[in-house]
Every structure is written in structure tokens, then in C-alpha cells.
Amino acid sequence: VVQPGSCECAFLPAPSQHRSNNFNSRPLPFNGKDWSTWKFQFTALLKARDLWTAVNCDDYEAWRRETNFHGIKLEGEEKSHEDQLKAMYKSCKSQAFALILLAMPTECVKYVQNVEEDNAKQIWQTLMEKFERTSTAGKVRLKVELYSLRLEEGGDFDTFKCHIEDYERRLAGMEVKLDATDKLAVLLGGLPPSFQMIATTL
């Protein structure tokens with residue numbers, strides 16, 4: 001377990017400092033209307049506080065790959081470093097979740113009440129599904145991203161499928177329904193050469 005003061009971390013402030021900077025006032029409050037501007041500003045805030053990867057990454061391994069650990073000093077034996085990093089990841093998720101929740105006006109809290117506690121990625125995606133503009137440009141952008149999904153050689157197939165299902169859910173929130181052929185085309189188009197035999201038989 002990471003103890004206060006046991007590490008020097010550029011993205012994880014000391015507890016007392018963190019409370020004074022992040023939680024004493026509502027950060028960049030969302031008015032429930034101007035989503036695009038608020039999203040831009042709040043994303044910048046999360047990045048400045050090194051919390052964006054906790055929102056944008058699917059799990060601990062992805063967070064570890066994407067996070068800049070420059071300036072971190074871990075204590076104890078090397079075998080305990082992994083536990084310390086996992087504790088940091090959990091802390092970053094909690095901080096990001098709280099910041100997002102505190103920015104919500106009371107009337108918007110109902111939209112995220114069913115979100116898993118401290119699941120920063122889920123609360124962010126829930127808000128996106130509710131407030132993201134359903135313009136043609138937005139729909140096209142999501143479809144382009146969906147058809148650009150690729151499973152790297154040696155990558156996890158189940159994770160790749162989850163990414164496809166995530167885009168399907170987001171598009172459904174924008175009233176865009178994908179039929180079975182769309183999903184199959186995305187799946188087959190994103191498979192690496194080692195899956196070619198399987199793709200050919202489908």
C-alpha cells in the first residue's frame with residue numbers, strides 16, 4: 001500500500017494538497033447545456049492533473065502503458081512496486097470520478113446514479129451518451145473510428161470485441177443502429193493476418 005509521502009509522483013499529489021486543490025470547490029461546473037465547451041475544458045483539466053488516462057483507459061494495464069511515470073520514486077522492494085502502482089491507479093480513478101461528479105449540477109446527477117462507484121471511464125461515457133451532439137458529423141466520426149478499430153497481432157480478442165460493442169452502444173445512443181452485417185464487417189476488417197483462416201470460413 002502506498003503510504004502518504006512514500007513516493008514522489010508528478011501525477012499524484014500528496015493527500016492534503018489534493019484535497020485543497022480538487023475538492024473544496026466544484027471544478028468547472030457543467031450547466032447541463034453547453035456540453036462541447038465544458039467537455040473541452042474539463043478534458044484539459046483532467047490532463048493537467050494527470051487524471052485523463054484514468055478516464056480514457058479501459059483497465060490497469062492500459063493505464064500503465066499510457067501514463068507518464070517520469071519523476072516517480074517507489075519505496076521498498078521491487079516486487080512491491082506493482083502493488084504501489086495499482087494503488088495509484090485506483091486513487092487516480094477515484095479522483096477523476098469525484099471531480100466529474102462534483103462538476104455535475106444537481107439535476108444531472110440522476111443520469112449517473114447507476115454508474116459503478118469510482119468508475120471514471122463509465123461516468124464519462126454515460127455523460128457523453130447523454131449530452132454528445134447527435135449531429136451528422138458526430139455520427140460519421142464515431143462510425144469512422146469504429147471501422148478503424150484493429151486487433152493487433154497477439155492482442156486480446158475479447159477486448160477487441162468489447163471495443164466494438166462499446167461503439168455500438170454509443171452509436172445507439174445517437175439513434176444509429178448497426179445491423180449484423182455492419183458488426184461482422186468491422187470484426188473481420190479489424191482482425192490481424194493470423195485470423196485470416198477464421199475470417200475466410202465465416
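Here a colleague and a modeller talk through a predicted model of one protein chain.

Colleague: Before we start, what kind of model is this, and how are residues numbered?
Modeller: It is a predicted model, where local features need pLDDT of at least 70, side-chain atom pairs count only at pLDDT 80 or more, and totals for chains, interfaces and linings use all residues. Side-chain values use heavy atoms, with hydrogens and water left out, and residues are numbered along each chain as its sequence is written, from 1.

Colleague: Thanks! How many helices and how many strands are in the protein chain?
Modeller: Helices (H or I, at least four residues) and strands (E, at least two) are DSSP runs, numbered from the N terminus. From that end on, the elements run α-α-α-α-α-α-α-α-α-α. The count is 10 helices and zero strands.

Colleague: What percentage of the 202 residues counts as buried?
Modeller: Buried means under 20% relative accessible area, exposed means over 50%, and partly exposed lies in between (1.4 Å probe, protein chains only). Of the 202 residues in the chain, the share that counts as buried is 37%.

Colleague: I'd like to look at α2 and α6; which way do they run relative to each other?
Modeller: Axes are lines fitted to C-alpha atoms, for helices over the stretch in contact, and angles run from 0 to 180 degrees between N-to-C directions. Helix α2 (residues 35-48) and helix α6 (residues 120-131) have axes 11 Å apart and pack at about 160 degrees. Angles under 35 degrees count as roughly parallel, over 145 as roughly antiparallel, 65 to 115 as roughly perpendicular and the rest as oblique. The angle therefore makes α2 and α6 roughly antiparallel.

Colleague: And how do the residues of the contact of α2 with α6 divide by class?
Modeller: Contact means heavy atoms within 4.5 Å, and here α2 brings Trp35, Trp38, Lys39, Phe42, Thr43 and Leu46 to Trp124, Leu127, Met128 and Phe131 of α6. Ala, Val, Leu, Ile, Met, Phe, Trp, Tyr, Cys and Pro count as nonpolar, Asp, Glu, Lys and Arg as charged, and the others, Gly among them, as polar. The split is eight nonpolar, one polar and one charged.

Colleague: Turning to α5, which residues of α5 does α2 meet?
Modeller: The axes of α2 and helix α5 (residues 81-103) come within 12 Å and cross at roughly 150 degrees, which means that α2 is roughly antiparallel to α5. From α2, the residues taking part are Trp38, Phe42 and Leu46. Their partners in α5 are Ala96, Leu99, Ile100 and Ala103.

Colleague: Are α5 and α6 roughly parallel or roughly antiparallel?
Modeller: Their axes lie 8 Å apart, at an angle of about 30 degrees. That angle makes the pair roughly parallel.

Colleague: Which residues of α6 make that contact with α5?
Modeller: On the α5 side we find Lys93, Ala96, Phe97, Ile100 and Leu101. The contact of α5 with α6 has eight nonpolar, no polar and one charged residue. The α6 side consists of Ala120, Ile123, Trp124 and Leu127.

Colleague: As a bench person I always ask about cysteines: how many disulfides are there?
Modeller: A disulfide is a covalent bond between the sulfur atoms of two cysteines. The rule used here asks for a pair of cysteine sulfur atoms within 2.5 Å. Cysteine 57 counts as buried because its relative accessibility is 7%, whereas cysteine 162 is partly exposed at 46%. By this rule, the number of disulfides is zero.

Colleague: Where is aspartate 118, and what is its phi?
Modeller: Aspartate 118 lies in the loop between α5 and α6, and is partly exposed at 25% relative accessible area. Although aspartate 118 is not a glycine, its phi is positive, at about 70 degrees.

Colleague: Is leucine 178 buried or exposed?
Modeller: Leucine 178 sits in the loop between α8 and α9 (180-189). Not counting residues up to four places away in sequence, leucine 178 touches Lys143, Leu146, Glu168, Leu171 and Lys183. With a relative accessible area of 6%, leucine 178 is buried.

Colleague: Last one: which residues is phenylalanine 157 in contact with?
Modeller: Phenylalanine 157 is placed in helix α8 (residues 157-173) and counts as partly exposed at 27% relative accessibility. Its C-alpha atom is separated by 8.8 Å from that of leucine 191, 34 residues apart along the chain. Leaving aside neighbours within four places in sequence, the contacts of phenylalanine 157 are Leu151, Leu187, Leu191 and Phe195.
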